[in-house]
Amino acid sequence: MTSLSRFFLSALAFVVLSVSAVAEEKNADLVIYGGTPSGLIAAITAARENEAMRVVVIEPTRWIGGVVTGGLSRTDKGNEKTIGGPVREYFERAKNLGGEQTPMWYAEPKHNLAAFRNWLEGFGDRIEVLTEQRLASVQKDGNRIVSMQLENGTKLRASLFVDASYEGDLMAAAGVSYIVGRESRDTYDEPLAGFHPMPLRPHGPETMNSVCSCQGGDAPHFIHGTPAAIHALDENGEPIAGVFRADPNLAPGDADGLTQAYNFRICVTQREDIRVPFPKPANYDPDRFELLLRLIETFPEVKFGRLVHLGAIANGKFDLNAQGLFSTDYAGGNTGYPDGDYATRARIWQDHVDYVQGFLWFLGHDERVPESLRDEVNTWGLCADEFVDNDHWPYALYVREARRMIGEYVMRQQDTWIDITKPDSVGMGSFVLDCHIVQRIVTEDGHVTDEGSFQDTPTRPYQIPFRSLLPKRSECENLLVPVCLSASHIACCSIRMEPVYMGMGHAAGIAAALAISDKSESAPSFHEIEVAVLRETLAAQGAVLELEGLADLVTVDQLPGVVLDDRDAEFLGHWTNSNFGAPIEGTAAHDGNGDKGKKSATFTVELPEDGRYEVRFAYAASSNRASVTPITIQHADGSAEVSVDERKTPEHDETFTTLGTWRFTADKPAVIVIRNNDTDSYVSVDAIQFLEVAE
């Protein structure tokens, strides 16, 4: 049993004992529930901005720092130009503790934890941090929180509150509106929303048998999706472990109560001097890994670095994350966690420990696994100098998404791509829309496919408004929510990165300091904050509220004719998005120079009227592009085959090259197919343009 599991059990027993405990009362200016990176940055920036403030931070577990100190050490930073101020300062502190050999953003977990502890020590008793304390109840007067009570009987009174927890417990207890699960496509007009079965994404042996390109490098290359047709049923016709029959009443795009999978981000190494063998879990059941076995039998030469994602950090250590159909993501295992009581969450937490440890133990010890793979897995292990008070196991379950507030403004998919500017911006996001697998389901023909996952949908750097941290005023006016902030499931898939949460924590801390400093006689309210002053203060402290040149981005609506971006294409096989060059809409796709003959991009275009159209093709030119990229154009009179040398700069504004002119009709869609058959290097796809030609 891990020490964290022991903590949960002892805490449950403590609930009974606390009834007779003598209640303590604490008074503060600001109470923050959740010692996550966002919560700690909120506390630090509030206390630094207003030296008279007294701040109390409540953390339910034994350790501060959430997943950043608890396992996630290869930071998902997106466009690092969007990260500044105290957030960047924190990562610099962690890097400096690690020394010259530590890459920026990729410090070891022990140094991430030390960076927060050292920073907090500098504030003395102005910031009080209470660990192993959990919320029991909230007392309100109208639309204001008056106090909150902990399970040990301690009552905390404050003028202002921040819920920086991953679960949104304070928000929920205060009666603030929220949602768990996925909205429908129609709720906010989001193309990716709702129930989302994924098509088969075949991977050839050369892809599955290679090692993830980010192992020891800086360019992550995740492999996601179902890589082959794998039977999903047992001998009785029932789904094998980890596979579910989809709700027959759900159609693609429908809402449901599910969310993306959780896992543990594990610090691993091959260094013999510190390597600790992967432990066998307390509740090991090899039957739950039948799908993993079938995946391995389909690709018998598969490498460990394709079953997991190994991201190099410092000193021979790696951040092990999930990738692919069956990995450390426990698909379907988190159902009931977001809204669950503490006992339910403790059970789900332990089940995740058993699952992830069992996954690694199975790969290293089950005799049905090829010996070469077992031997490879057993060259890896936990790090003896990390998480030393938790049997070297990560402190934090990676709760990627739980409750999401429905506040003053709900961030949507459009806000990460089209409506990217906000007048009350208090920070920025930039990561791709990254949703890990929600569940594995049985297809009509009895095979397995993943559902709900997408990782290659790009965003532009976008602004996040202060309104998304605010509950509706009628519900609560003295609470901010920087983690379970107001966002749809789709928008959350990008916003959920820790540097973004930390930036929102910075905004929450400064907003609290400004509200307390307000000399008005009324009780402080976050809804009364002068946002212009808040933004000026944040910017003066280095926070990035906007990026220069973002308005110069070329979008399809700025171009003449009919234009479809690569995000409107149907891709076969795994393609990677890249912002190399100056692509339309900020990104172009490329084939990774792999699986030749098995990848394609298809544009299906409905033209407004009959006529002759010049067809143009946009790509990101480079010396390492394919010299002969084959393209098929289906027009009104048949089809045409052309090829493009993508090493050459396109002739039209260095963006488009002409493929030819053909006749098209409005009643028959034009179809353009770009393939990677027999190509000698990377194939790039950016956009297709149709310009009507006068007869």
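Here's a quick tour of one strand hairpin and some salt bridges in this structure. It's a predicted model, where local features need pLDDT of at least 70, side-chain atom pairs count only at pLDDT 80 or more, and totals for chains, interfaces and linings use all residues. Residues are numbered from 1 along each chain as its sequence is written, and side-chain values use heavy atoms, leaving out hydrogens and water.

**The hairpin**
- Strands S4 (residues 135-141) and S5 (residues 144-150) pair in the antiparallel sense over six bridges; pairing takes at least two DSSP bridges, and strands are DSSP runs (E, at least two residues), with helices being H or I runs of at least four, numbered from the N terminus.
- Leu 135 sits opposite Leu 150 in S5.
- Two residues lie between the strands of this hairpin, and Gly 142 takes a positive phi near 65°.

**Salt bridges**
- The count comes to 42 salt bridges (a side-chain nitrogen of Lys or Arg within 4 Å of a carboxyl oxygen of Asp or Glu).
- Asp 385 bridges to Lys 110, with the closest N and O atoms 2.8 Å apart. Asp 385 is in the loop between S12 (381-383) and S13 (404-405) while Lys 110 is in helix H5 (residues 109-121), so the pair ties together parts 275 residues apart in sequence.
- Both belong to a salt-bridge network with Glu 108, Lys 317 and Glu 386.
- Arg 404 bridges to Glu 183, with the closest N and O atoms 2.9 Å apart.

**Buried or not**
- Arg 404 is buried, at 2% relative accessible area, and Glu 183 is buried too, at 4% (buried is under 20%, exposed over 50%, partly exposed in between, using a 1.4 Å probe and protein chains only).
- Asp 385 is partly exposed at 25%, as is Lys 110 at 34%.
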